[in-house]
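Student: Could you take me closely through one helix-helix contact in this model, and then show how it relates to the nonpolar core?

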Amino acid sequence: MKNWIKILLTISSKDLIVELKSKETIVTITLFSLLVVSIFAVTSSNPSNLSAEIGAGIMWAAVVFSGSIAMSKLFSHEEKNETLNAILLMPVPIELIFFSKILSLFLFLTISECFIIAVFSILFNSNPLSIYILTAIPIFNLGFSCVGTFFGIISSKSRSNEILLTLLLVPIIIPLIMFATELTKAGLLGISSQNFNLWLSLGILFDIIFLVVLTFLFGKIIEQ
Amino acid sequence: MLLSAKKINKSYQDNNVLQDVSLDIKSGDSICISGENGSGKSTLLKIFCGLLRPNIGTLSVFGRDPYKQPENLFIKQRMGVLMHSNMLYPQLTVKENLLFFSKLLGIINYRPRVCEVTDELNISKFLNIEIYKLSNGNRRKASFAKSLLNDPEILITDEPEANIDNDTIEIFANIFTQRLKRSKANIFTSHNEKFSEKCSNRRMKLENGRLLEL
């Protein structure tokens, strides 16, 4: 177990070093999201009075689309340099490779979302930071990274990988987007969400199901 | 037997690349496979290292199934692979790349080992330079260093001498012959007659999908 954690951290810290040097994934997510949020802010006649429903939608739509672009970039680089094959040739269980990629994407998304929330609160003069959004972020990021890693690796073999990944990814994570939007809405309104427990269960259940199923399928796909 | 392949068949759509390829590799074998471009040499090596699965046929490495976990972890720990692509992270330095793969290989004293292989390949002066800043030849050397990190029982290399200068070819050839003296096995593809003559004790040719002993 100790060895597994060591391998997991080795691969993820390598991803972080590569990211610190190239700054591609975090910069893509952050800039693209900020652009989307800014467009809504400048085109809205009164951004301060934007409804919580639309505000939460804008924020998560920006994260989802920029995240999927960043993921396809990340995996197409791995494919181009055959570095994923290099890791597959190492004595590392396939599941650990999957988990380490999830962990790396989770970190990249979390860092980018910190910037997005900060800019969102400035542009829309509202504070989305609440217990709700702090709950939504890790659960959303885990599910998004899990599904994104799985389809990112599959679609990296395709020539039109960016479109393919978004097309595969977005329909599957709709329950997760609904969960995150609902909680963010409650956070923006500053009221307690009536169905908090229900949405929380949905988010956690989504993560557990996809983590288990995709870990199993990832091993099978790589073996084939 | 280190590696035993029986009646390996591989096809890409309608193109039969490999037909009934059988091969046994034991300690101290150094096998050079030659053949025209597109004859299936790289495909065969990818099957041997577990990156590709044959359509038909069986393969066992160290008496284990290379496609089954956790059996294949034992194999991967004792195998070194150098393919056409260098399989290195271009943004990382030579040292960062080698340290990363050493850790994954579970090498205990990995820092001295990295120094040892880079000295052997004469790339110590490039240790702190990012891969993308290196020439193709030096990238190849760094990639070769990666495949030697675990002092593998079987070294699988696909045209190791391609795109490198004569001095480097000499270094590579010395490494192959040194390994032979220590009863380690090498299997490689090459178009270079001189190199293959110097580094191999068994020569084979892939022709029309079939592996022929020369």
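**The contact between two helices**

Tutor: In H6(A), the residues A:Thr135, A:Ile139, A:Leu142, A:Gly143, A:Cys146, A:Val147, A:Phe150 and A:Ile154 meet A:Leu200, A:Gly203, A:Ile204, A:Phe206, A:Asp207, A:Phe210, A:Leu211, A:Leu214, A:Phe218 and A:Ile221 of H9(A), contact being counted when C-beta atoms placed from the backbone lie within 7 Å. By class, this contact of H6(A) with H9(A) has 14 nonpolar, 3 polar and 1 charged residues, with Gly counted as polar. The model is predicted, so local features need pLDDT of at least 70 and side-chain atom pairs pLDDT 80 or more, while totals for chains, interfaces and linings use all residues. Residues are numbered from 1 along each chain as its sequence is written, with chains lettered from A and ligands numbered from 1 in the order in which they are written.

H6(A) packs against H9(A), residues 196-223 of chain A, at an angle of about 25°, and their axes are 9 Å apart. H6(A) is therefore roughly parallel to H9(A) (angles under 35 degrees count as such).

H6(A), residues 131-155, also bears on the largest nonpolar core, which has 125 residues, among which A:Met59, A:Ala136, B:Ile154 and B:Ile156 touch the most other members; such a core joins buried nonpolar residues (20 or more other C-beta atoms within 10 Å) through C-beta atoms within 7 Å. The largest share of this core, 13 residues, is contributed by H6(A). On chain B, and leaving aside neighbours within four places in sequence, B:Ile154 is in contact with B:Leu2, B:Leu3, B:Ile25, B:Arg78, B:Met79, B:Ala185 and B:Ile187.

Note on methods
Buried ≥ 20, exposed ≤ 12 C-beta atoms within 10 Å, placed from the backbone. Helix = DSSP H or I, 4+ residues; strand = E, 2+ residues; numbered from the N terminus. Axes fitted to C-alpha atoms, helices over the stretch in contact; angles between N-to-C directions. Parallel < 35°, antiparallel > 145°, perpendicular 65-115°, else oblique.
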